[in-house]
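Visitor: I am new to this structure and would like a close look at a single part. Please pick one, and then show me what lies around it.

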Amino acid sequence: MSELIFELSQKDRCARAQIPFIANEKTDLPSELLRKDIPLLPETSELQVVRHFTRLSRRNFSIDTQFYPLGSCTMKYNPRGVHRVAMLDGFLNRHPLALETQSQGYLECAYELQEILKAVTGMKGVSLTPMAGAQGEFAGVAMIRAYHRARNDIARTEILVPDAAHGTNPATAAQCGFKVREIPTDAEGNVDIDALRAAVGPQTAGIMLTNPSTLGVFEQKIQEIAKIIHEAGALLYYDGANLNAILGKVRPGDMGFDVMHINLHKTFATPHGGGGPGGGPVAVSERLVPFLPMPIVTKTAEGYRWLTQDDCPQTIGRLSTFMGNAGIILRAYAYARLLGKEGMHRVAEYATLNANYLLARLKKAGFTLAYPTRRASHEFIITLKNEAKELQITALDVAKRLLDYDFHAPTMYFPLLVPECLLIEPTETESKHILDAFADVLIRILHEAKTHPELLKNAPHNLPVRRLDEVKAARELDLVYRPQTQCTIENISS
Amino acid sequence: MPFIPHTEQEVKEMLAVIGATSVDQLFDEIPASLRVKDLPPVPPQLTEMELSRLMRARAAKDVSALNFMGAGAYEHHIPAAVWDITSRGEFMTAYTPYQAEASQGTLQLLYEYQTMIASLMSLDVSNASMYDGGSSLAEAILMAARTHRKNKTHRILMPATVHPLYRDVVKTIVSQQDIEIVEVPFDLNTGKITIDALEKISKENITALVIPQPNFFGMLEDVDTLTDWAHAHQALVIGLVNPLAMALLKPPGQWGKNGADIACGEGQPLGVPLASGGPYYGFLCCKQEYVRQLPGRIVGRTVDQQGKQGFVLTLQAREQHIRRAKATSNICTNQGLLVTASTIHMSLLGPKGLRKVALACHQNGCALKEKLNTVQGVRCVFPGYFFHEILVEFKKPVETILTELAQHHIQAGFSVKKYYPELGNALLICVTETKTPNDLDQFVSQLERACLN
Amino acid sequence: MTNSVPKTLKYSKTHEWIRQDEDVVTIGITDHAQCMLGDLVYVELPHIETSLELGQECAVVESVKAAADIYCPVPGEIVEINESLFDSPQLVNEDPYGKGWLFRLRPFESTFRELLSADEYTKQVASEAH
């Protein structure tokens, strides 16, 4: 039964305990400023609401309930203790614009997270304000733009992006007014250095890379790439989506990157929330420090305070109305304190161990690896192009069948370069037990593909709905519920 | 190590299957010169018990008793059920609903949210959220620029009565493209913008007019006249509104003869705690004809193979993961969990309950204004209709007022000096349904004391 | 599955087909292109009287998983667009060379540069498959 909450509504029903008592509904406001109709919100009892949304929650997959090997998403355990401390009264009810004297608790946590992020990235400055990875990317590219303009170098109109890059990279570059030029990847999964050399010039503002790349392999010539870019007077941007692969092992600052963002909802285990919120702090090398987005926390002899536009006149400005996703910042800080120095070193180790183990098991079982000569980083790609040709089943079919076995599917069809691919990232918080179970299920599904392909083609079978018609959804847009009967306009004052 | 389940024995077995002798060997593709040896500034690890103790001590420093600050973030009663349900692992630790069949909970909830917020704005469609109010305004402006094909360059009329921090965010985001923000000054007597002020501005290439309701000072703008003026000049209207207020006040879709084209703002007042500034969420709604220019995720209803109702992300071809450089926005992660809380909140309060909350805020605002008018050394700056925020001018420096009241655990308001020097020594004071008559009396008597000292 | 490539038409490298009828040229996307895109959900067409240069982006065809730009293969002025595609974008999938035409223009020049014959186009598609 998937009734909409509006279908449970009954006129004049309400959750009485939640509605404030007011003596009368009189108001001095003139009629032309007032709303006359009733908006389409449910009229339900408190139990109806609680039951409806609790039941909805049970139609979701989640990290708490299923293994989620989504490549590039780092679906690791979201620690409960971290959630609890972020909800402590002093933090939860603190107004963002409260006086600094009343905010020392929050400011100290934010400051220390800034310092921890500097340490693990090898960078000189951090701003916690971007509210997601894409906003962090925006900040990074905007800082690159500001840097060149500050030096009167206005000919730099291009950003280089590998053809394997995540879509947010070119979208961000375009949002910042740059032209995007794609650099091809070679057969080993590395950026094509010769193509890069040919593409770089006085028009290059920067390059956006991630390392390990979206192909799941380490960009071995990164130092050479950094040299080429810097010699051309351009800057390097690091997309932090894959930081989990190298946390505590390698620092982007050491690789030569000038600016990067960190995905707190990936590497620092803050919850994904069904699509957000995230956190996309940016970290920069010395030369970009003046351009960091505001505000930033600083420490003085008298305590902690905010740095603003007045303190940093070259800042690219404010990205968030207040100071970013504060609650996410607190959770990331708490997680970093639980890991500590020792834990930081271990994240990449176990993430890489898990990925390579799963890779070995699948390779032995006959799956085709996209880059068979390379080590997996924290993730790896298998391609089903052979199975597609021989058995007429696609990566999509396999993904949907995995759902039947109570596993969330890996990332499909990304990166676009590898046909019929599945990008698999187990993360460090998963046990050998679940990795074996996952490998066994994939092997079983491959067998099904040969003997009962319709099981895949019509999957999923065991979920609240069967495979959904996305074409119909796009052709016949149904984006809001409209009640069958015409809503009569009630006069509210009656 | 925290959250890592492996035993030594298991590590041995796994390495054997991989064919490596140590975990370290798995990093042999990384040049040795890049390998980090130590991370000195990172503090040693804590247990959850130690972490709790540390954070409790820090949180205790930030507790306040009575809060009269608004300025874009508002304290309201949030029913216990809202965050109880939102904190369920199935909502909190779910991923973006790309695998629709495994995410019907989140997707149906988002469809219900889209319905509620679009209706609250009296517009046709909504997306599934933006980061916050300020960035949703920036995205609304970018959307208006994309939609308004005729203009070669774009000028956006931005009243100075729009929240100054929102205007900062817009500047940061929009200045990377060829869009000019033109400030519309406000009338110092009324705290609102006027048609006269608009008429003084050049009409060339005006793409949109932003109309806040209520505005930053809590004043109610002449939304009908302003909307009609903008449309008469071929400009789009972007309504920047407080969603709670829209349960009581005329919503953007009903402004003027043809209604506003786009509505946006901060969703925090509906079920999201102050939480030190975030996470909040931005809402973005529009008329049907602009739906393809809406950035962000959108949920649609459809059927499955057996004709059963289901929900999917739709119109994805506009988004970054498909359209890349030509996407409507670079947004990927949004504020899904906050929308979850807001949807449950709106469901619990219902349309009449929400209206009562708005009325209670308004009535408290009027009551406070009356009391403030009796205090020596205090002047309510603007006459006219307002919603739950009042700009108050003091004879004494506002910094002193704020500090003195802070000592009594009262957050008196937000000083506007830095952003509106022309308004002098003024404080923006907010009062919501959470305050009792006793609270108001206590507040006013403390203000009186502070003014006299 | 072999996609049809009518011999009477000309083709561009970017998978558009071109048919000339006296002083008007009709343009659409090939069977191969519609197959790669999947079921179309939306088509965005240029305005009438728009002048287009060779290779200029002039339309967008959108499926659930992709959105492809159409590059004008023949410089000219738009004289007609296929409005039935707004309600029925699937016509492009069902009949790409007939009812699924996209737009018509009046060319600026009498000779067309850089167009492929049916055989040349077939060869190009085959080489792309690797």
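Guide: Helix α7 of chain B, residues 164-174, is mostly covered, with 8 of its 11 residues buried (at least 20 other C-beta atoms within 10 Å of a residue's own, the C-beta atoms being placed from the backbone; 12 or fewer would make it exposed, and anything in between partly exposed). This is a predicted model, in which local features need pLDDT of at least 70 and side-chain atom pairs count only at pLDDT 80 or more, while totals for chains, interfaces and linings use all residues. To find your way, note that residues are numbered from 1 along each chain as its sequence is written, and that chains are lettered from A and ligands numbered from 1 in the order in which they are written. Helices (H or I, at least four residues) and strands (E, at least two) are DSSP runs, numbered from the N terminus.

The buried residues of α7(B) are B:Leu165, B:Tyr166, B:Arg167, B:Val169, B:Val170, B:Thr172, B:Ile173 and B:Val174. They pack against three elements of chain B, namely α6 (133-147), β3 and β4 (179-184); contact here puts C-beta atoms, placed from the backbone, within 7 Å of each other.

Let's follow one of those neighbours. Strand β3 of chain B, residues 154-159, pairs with β5(B) in the parallel sense, over 3 bridges (two strands pair if DSSP finds at least two bridges between them). B:Leu157 has B:Leu209 in β5(B) as its bridge partner.

Now look at β5(B) itself, residues 206-213. Because 8 of its 8 residues are buried, this strand is largely enclosed by the rest of the structure. It is also joined by 6 bridges to strand β6 of chain B, residues 236-241, and these two run parallel. Here B:Val210 is matched with B:Ile238 in β6(B). Between β5(B) and β6(B) the chain passes through helix α9 of chain B (residues 223-232), making a right-handed β-α-β crossover: with the strands pointing away from you, the path from the first strand over the helix to the second runs clockwise.

For a contrast, turn to chain C. There, 6 strands form an open sheet in the order β1-β2-β3-β9-β8-β5, with antiparallel pairing. Strands β1 (10-11) and β5 (51-52) of chain C stand at its edges with a single partner strand each, so one side of each has no neighbour in the sheet. Within this sheet, β2 (residues 16-21) and β3 (residues 24-29) of chain C run antiparallel, joined by 6 bridges, and C:Trp17 sits opposite C:Gly28 in β3(C).

Definitions and conventions: Contact = placed C-beta atoms within 7 Å.
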